[in-house]
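Please keep the sequence and the model side by side while reading. The paragraphs below go from one side chain to a helix, then to a sheet and the cysteines.

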Amino acid sequence: MATDFKSIPIIDIALLLAKCDDPKMTQDTGVCEVVKQLDKACREAGFFYAKGHGIPETMLKEVRHVTRKFFDLPYEEKLKIKLTPGAGYRGYQRIGENITKGVPDMHEAIDCYKELKQGMYGDLGKPMEGCNQWPHNPPNFKELMEEYIHLCTELSRKILRGIALALGGSPDVFEGERGSDAFWVMRLIGYPGASTANGKCKPETDMGCGAHKDYGLVTLVNQDENITALQVRNQSGEWISAPPIPGTFVCNIGDMLKILSNGIYDSTLHRVINTSPTYRVCVAYFYEPNYDAAVEPLEVCVQRSGGTRKFVKAVYGEHLVSKVKTNFVM
């Protein structure tokens, strides 16, 4: 459960990453310190900045740069990869097409998902079957994004090993039947600069993305520098800014981790309001359980939280599809 935090903690995860596949990682004092910080951040805010993550800052910048180049294209060019249900909800969506709690969001985006082959998960997987729609312009788009996804997938797996230890489980508790074939989602998002009336920003009509919680396990947010737009709500209802820190990811936990932890960790409401006149780019990578994973509280977490299971079993793919089908105006 989030507390009345006033800022988002910064955690250097380099020592965790260096030892996360070592059978003796739990005996390493550096790992134990990172795990302690992860536990505190997940309990108190559900958000943290990750530095020392090993993905070059040059790549973070290039991913944002190439994303911006796509959004700079004429509308007709962007529509060549238009998002439709027939494309497995992959592709480009115009400003106002994404919906949060019934209200259009003031952003445009490309939505990408781990590709599901036809029949791979039967009826469960059918709505999400398809291939990602990568634009041909900019020319290096597909190759860059696929490399970035690979790096984010591996980084997320390692962060979750630390979170597993923080919850009192084994390092691989989120792997196997829960996450050995982890699904992923990536959204490349562009937020127009704030509109003005009499020189004043009108946030109530410039909601880049309405208040929401993420669906999966952990999210990595790569946001433009020099524009503060992401806000996280604390227990008192205050919106706490998460300003960009160069070279870091903003990380947060999602609904599936809340269930697995039996509520020890909570997914936290957050929103985006771009009050700057400058166009803002953000690339959000979401690391999820196996598509067909049956997610329920871990026994170790049940025991650490009073002995009662607070959540019923949820199939990740069903949870995802229920959200995706209500997220768009077609």
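Which backbone oxygen does the side chain of Asn290 reach at 3.3 Å? In this predicted model, the partner is the backbone oxygen of Gly176, and the side chain of Asn290 also reaches the backbone oxygen of Glu177, at 3.0 Å. Asn290 has its place in strand S16, which covers residues 280–290, and because its relative accessibility is 6%, Asn290 counts as buried. Leaving aside neighbours within four places in sequence, the residues in contact with Asn290 are Gly176, Glu177, Arg178, Gly179, Ser180, Asp181, Ala182, Phe183 and Tyr316.

Helix H2 can be followed from its start to what comes after its end. At the N-terminal end, Asp28 acts as the cap of H2, with a side-chain oxygen lying 2.9 Å from the backbone nitrogen of Gly30. The helix comprises 16 residues, 29–44, and at 1.5 Å a residue it should span 22 Å; the end C-alpha atoms are 23 Å apart, which agrees with that expectation. After H2 comes Gly46, whose phi is positive, near 75°. The buried residues of H2 are Gly30, Val31, Val34, Val35, Leu38, Asp39, Ala41 and Cys42, and they pack against strand S1 (10–12), helix H1 (14–19), strand S2 (47–51), helix H6 (141–166) and strand S14 (249–253).

Turning to a sheet, one finds 4 strands in an open arrangement, ordered S10-S15-S12-S13 and paired antiparallel. Strand S10 (207–212) and strand S13 (239–241) stand at the edges, and because each has a single partner strand, one side of each is left without a neighbour in the sheet. Direction ignored, neighbouring strands of this sheet are turned by 25° against each other on average. Within the sheet, strand S12 (residues 230–233) and strand S15 (residues 270–273) run antiparallel and are joined by 3 bridges, and Gln231 stands opposite Arg271 in S15.

The cysteines remain to be considered. A search of the whole structure finds 0 disulfides. Cys112 is in no disulfide, and the nearest cysteine sulfur to it, that of Cys152, is 12 Å away. Because its relative accessibility is 1%, Cys112 counts as buried. Cys131 is likewise in no disulfide, its nearest cysteine sulfur being that of Cys112, 12 Å away. Is Cys131 buried or exposed? At 54% relative accessibility, Cys131 counts as exposed.

Definitions and conventions: Residues numbered from 1 in each chain as written. Predicted model: local features only at pLDDT ≥ 70, side-chain atom pairs only at ≥ 80, totals over all residues. Heavy atoms only, no water. Helix = DSSP H or I, 4+ residues; strand = E, 2+ residues; numbered from the N terminus. Expected span 1.5 Å × (residues − 1). Buried < 20%, exposed > 50% of the residue type's maximum accessible area, 1.4 Å probe, protein only. Contact = heavy atoms within 4.5 Å. Polar contact = N/O pair within 3.5 Å; in protein donor to acceptor, adjacent residues only side chain to side chain. Pairing = 2+ DSSP bridges. Axes fitted to C-alpha atoms, helices over the stretch in contact; angles between N-to-C directions. Disulfide = S-S within 2.5 Å.
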